[in-house]
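User: I want the reasoning behind the labels in this model. Please take the ligand site, then a pair of helices.

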Amino acid sequence: MAKKKSDKETEPKKVSTKRFSAFFKNETTHFVIGLISVIFAVYLLLAFTSFFFTGAADQSILDNQQPGELMQTANHVKNYAGARGAQLAEFLINECFGLAAYFIILFLAVVGMKLMRAYQFRIWKWFMSCSILLIWFSITLGFIFDGTFGDSFIYPGGLHGHNVSNWLISQIGIPGLGLLLFIAALLFFIYLSNETILVIRKALRPNFRRKKKEEQTAPTAKESPVKETFRKEEAKKEFSNPGPAIVDFELEQPAKNEEDAEEQVPFPFENEQATEPEMVQEPAYANEEEEAENTDEPDFSISEETNEEDEAYKGPVLPPYNPRLDLENYKFPSLDLLNEYEDDGPNIDMEEQNANKDRIIKVLRSFGIEISSIKASVGPTITLYEITPAEGVRISKIRNLEDDIALSLSALGIRIIAPIPGKGTIGIEVPNANPRIVPMKSILNSKKFQETTYELPVALGKTITNEVFMVDLAKAPHMLVAGATGQGKSVGLNAIVTSLLYKKHPAELKFVIVDPKKVEFAIYAPIEKHFLAKLPDGEDAIITDVTKVVQTLNSLCIEMDSRYDLLRKAGCRNIKEYNAKFINRQLNPEKGHRFMPYIVIIIDEFGDLIMTAGKEVELPICRIAQLARAVGIHAIIATQRPTTNIITGTIKANFPARVAFRVAAMMDSRTILDRSGAQQLIGKGDMLYLQGNDPVRVQCAFVDTPEVEKIANYISKQQGYTTAFMLPEYVGEESESSVGEVDMNRLDPMFEDAARLVVIHQQGSTSLIQRKFSIGYNRAGRIMDQLEKAGIVGPTQGSKARDVLCMDETDLEMKLNNLQL
Ligand SMILES: Nc1ncnc2c1ncn2[C@@H]1O[C@H](COP(=O)(O)OP(=O)(O)OP(=O)(O)O)[C@@H](O)[C@H]1O
């Protein structure tokens, strides 16, 4: 009873603690606190500055005040920040840190700006820097102005500086304190940047560089550009990583640069990134011209080729781009939404194990095979018996008897692996009498999943040795899922989607779901505005109609092409590099660059699609499978009919990751996995995963439809984007006409917009239209032909942009009016 009561009492406490902490995590709270902090900093600045002019007069009032005198309106305090400002200035400057108290203002402003998200600062570094400077300046000023302490109304180092410096002088003497302050300053600079070490080294050996230079012979100066570039690279390394190799490259630094380098010691308040290599390399090359004048060395220039000017783009705002900002309050689904099911801990039935062991030994003996040891690994649904044959028994003998042994053990789902890859043993997989479900919850809750660094982590289930089995879809990069009906395909696909939903933010991942059965994936409809992608004119984001599938796949090909275009322009090899550059604001959104979410295409009943649409579906799928990996588009296709006319050679070649649930015949297993085995599985999520050489037997994690519904509802209740992710528009081939016969009665819906675009840019370029409207080349070309026919652009000029025949927008409007649009 008492316990219940105390539980009840603690409950409201917990709720209020949660509310309390939620209040302080709230972005608005942060902003308000930040604003107050900045305003307070301004107020202190006013008080401190005023203190220099009014402090003398105010001091006598503050020192001789009557109780309550300062509260009165006529308190005669002169400070611009009033009586409280005068008190604060007197306290912080005179009684504490002297002029160094300005660092308090600086820190308050930095904290305020950070909380308001106006700028990104590393608060801890600023706190350390401001604290060190506060104390150092206070002591130094106390030390320097010790003689004036008491003569003036301002104590430059404050009482703290005065007292500490006096005490230190009594302990280590004046020279000792001078040295201590000097060392402290050096340590502070080293804390800020490792470059300080380099500067100190150079300062200690000023002649070193010159001497070495004299030793240099003329040919060195005439080295080929390749070598110079190499030097530059080395020089970069030197700056970023001072070490023993540095000495060589100091030879290459012009004498003048030594001083420059000293002047360029980064100060924390100039730029947070001052220690980064690219910032540091500048001083080494900034004075090239002067160097040429001052030395006999011939001129040399280093040209740094970049792919495009884009590369050098630095965005107008300093903090890195945060793709999650639009939905920054998005909460990942919690594990509570998933069911517990039965206990999935080890549950070993010793009786069963011993019986199986005896049967295996007996059967093998009947074939004349003696074994020296047998070891069992009990998985959730299968137990693996690892057998070491007695000396003299050849594995090939066991391999030849594989079918007979399986038959003799006469249990469904027996698979013999002879030998187990990488081991000299033979494996016999025997199904457990009481298979256990592998709940999705336990998989998602595992350390392996929680701490994964995979880009697209897909948790599939547990292996025979009870390890969580995960793959990175980004590396897979496309997956083929097959299995007879009712063997666990849909559960498997749900497990894949669920694991991605638990790890990815809506800004980072979009699904394109094709569900010809119309019911299996309808549960994901509520997350349309968060995680789904669709065609601009598509009504439902879950695609069930075959013609829409063809359009969507072609649209994905356009998206793929435009992503490749952007990657090429940015000089990146894959989406990861590209997004990293975009986040660091090295790519200009005004030039078409954008953050690219991963796109995962899931096609259920692929067999059905191929039967109805044939090549129309196969071609774009194969294109995507062949090329889309680098641009973050991944396909998962599932079929219950694993026949060669559905899973064709091209499809197989491009889907290296294969998942096989139980199939009816060995032929089907061969079609999916290129080997038998899937026909021996026991169903209910028992599967073989193949990527590379040997398939792994996995018990697929179980996630039920109501669980997925709960997850989808949880996500859908949160703020989403205004629409689903829009794929580029695709206009089918049938509506294309040849260049010669442009039909001005059927103008493209984007005709007018495209006309304005080319006139504004005065550039008749098809790729401009393609890029700005995210449409395919064919359509952009057709629009260009229509523009030509309308007299807005001139005829094609090969690879050059066409001439624009309208001078300005007024001219264009007249032309458009004439067309009577
Ligand atoms: N991983 C699993 N663990 C336990 N039971 C499972 C698992 N996967 C599937 N099952 C059981 O098998 C049943 C059928 O699974 P599922 O609906 O995924 O089959 P399917 O292959 O998609 O069938 P269909 O092709 O007809 O849609 C489920 O209702 C469930 O009872």
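Analyst: By class, the shell around the ligand holds five nonpolar, eight polar and four charged residues. This is a predicted model, where local features need pLDDT of at least 70, side-chain atom pairs count only at pLDDT 80 or more, and totals for chains, interfaces and linings use all residues. Residues are numbered from 1 along each chain as its sequence is written, and side-chain values use heavy atoms, with hydrogens and water left out.

User: How are the classes drawn?

Analyst: Ala, Val, Leu, Ile, Met, Phe, Trp, Tyr, Cys and Pro count as nonpolar, Asp, Glu, Lys and Arg as charged, and the others, Gly among them, as polar.

User: Which residues that surround the ligand are the closest?

Analyst: Thr-485, Gly-486, Lys-489, Ser-490 and Cys-700 are the closest of the 17 that surround the ligand. A residue counts as near if one of its heavy atoms lies within 4 Å.

User: What makes the Ser-490 pair a polar contact?

Analyst: The cut-off is a pair of N or O atoms within 3.5 Å; within protein, one must be able to donate a hydrogen and the other to accept it, and residues adjacent in sequence count only if both atoms are side-chain atoms. An N or O atom in the Ser-490 side chain is 2.5 Å from a ligand oxygen, so the pair qualifies.

User: Why are α29 and α32 called roughly antiparallel?

Analyst: Their axes come within 10 Å and cross at roughly 155 degrees. Angles under 35 degrees count as roughly parallel, over 145 as roughly antiparallel, 65 to 115 as roughly perpendicular and the rest as oblique. Therefore α29 and α32 are roughly antiparallel.

Definitions and conventions: Axes are lines fitted to C-alpha atoms, for helices over the stretch in contact, and angles run from 0 to 180 degrees between N-to-C directions. Helices (H or I, at least four residues) and strands (E, at least two) are DSSP runs, numbered from the N terminus.
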